[in-house]
Amino acid sequence: MSDLVDLRSDTMTRPSPAMRRAMVEAEVGDDVWGEDPTVRALEQRGAALLGKPAALYLPSGTMANQVAIHVHCRPGDELVCESRSHVFFYEGGAIARLSGTQVRTLEAADGFPTAEQIAAAVRPDDPHFPRSRLLVVENTHNMAGGRVASAARITALANTARSHGMKVHCDGARLLNAAVALGCDPAELVAAVDTTTLCLSKGLGAPVGSLLAGDAAFAAEARRARKAFGGGMRQAGVIAAAGLVALDEGPALLAEDHRRARALAEGLAALPWADVDVAATESNIVMLRLAPDRAAPLLAHLAEHGVRAAQAGAGRLRFVLHRDVDDVGAARCLDACRAFAP
Ligand SMILES: *Cc1c(COP(=O)(O)O)cnc(C)c1O
């Protein structure tokens, strides 16, 4: 159904005409041999955008996060993150499977633990304990509803962790959404962390791929881990070309997604059966709470109106705005919700 309004995720974006053209025309080589000029161009562009010396192109955000964790942590080490973090919640147990690292979770309503919580979670240097090795922060925070943390806040968290000898990784799947919401340079948001990811395949609209950035020594180790995890790709310029176009076209469109998300949140908040925190709708994600037994009927009602949303826990639905949903599509979603009679 071509005019389906698909708000399940910003991964639902289709490659734009310019991306498809760039893919057809991409110059390529064997990237495992370091010979794909388009991948190299994307990695250099990503490093500059993220303010880090080096960046790697990987097939997915999950692999980018897990490669970073694998490079930072040894088996038996401990990683600290918020309890609904993607790395812990949505990556198939990969931290345990691939790195033998254990996770200590902290609760934070908006997705960002305080510096005090982090300091309190650090283990003493004693053979009874695992080593506290890594803090992972997620900006924007998906399951908290696309919440955004400022550079000052990330810097405070990172400095606390680093003062205890920990490394800091940012899951920046939607880092550009955070930068656009704050009106700042994305590099500022990750200046205090050691490594960061950036998904090209979410709101930026590329069909495939994520970037992982850090210093040169990290990048060299990450290349080895990427190969070992099966992420060494050959003529990957074919897909990296779309990533370059995503970086050209995408960022300017994110502000529109945020505006539509806010308008949708405001419209939903006026419905008597819906609980939406408008002020907490800071980027492109709208979280709707409702009575748990109404979630499935609402999803079915929306589907009848050509609108799709996703379940995000019991009594909670997620609507994600992205470049393939325009004002008409967003209005169709709100109208369909208004017509819902629970
Ligand atoms: C989507 C996402 C990822 C990685 O996703 P892939 O589907 O593996 O590319 C990582 N972190 C967050 C917060 C995400 O939303």
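Trainee: How far does a polar side-chain atom of Lys 202 lie from an oxygen atom of the ligand?

Mentor: This is a predicted model, in which local features need pLDDT of at least 70 and side-chain atom pairs count only at pLDDT 80 or more, while totals for chains, interfaces and linings use all residues. Residues are numbered from 1 along each chain as its sequence is written, and side-chain values use heavy atoms, leaving out hydrogens and water. A polar contact here is a pair of N or O atoms within 3.5 Å. For Lys 202, the distance from its polar side-chain atom to the ligand oxygen is 2.8 Å.

Trainee: How much of the ligand's accessible area does the protein cover?

Mentor: Accessible areas come from the Shrake-Rupley method with a 1.4 Å probe. On its own, the ligand has 380 Å² of such area, and the share that the protein covers is 84%.

Trainee: Which helix gives the largest share of the shell around the ligand?

Mentor: A residue counts as near the ligand if one of its heavy atoms lies within 4 Å of it, and helices are DSSP runs (H or I) of at least four residues, strands (E) of at least two. Among the residues around the ligand are Gly 61, Thr 62 and Asn 65. The largest share, three residues, comes from residues 61–72, which form helix α3.

Trainee: Which strands stand at the edges of the sheet?

Mentor: Strands pair if DSSP finds at least two bridges between them, and seven strands form an open sheet of mixed pairing. Each edge strand has a single partner, so one side of each is left without a neighbour in the sheet; these strands are β2 (54–58) and β4 (102–106).

Technical notes: A polar contact is a pair of N or O atoms within 3.5 Å; within protein, one must be able to donate a hydrogen and the other to accept it, and residues adjacent in sequence count only if both atoms are side-chain atoms.
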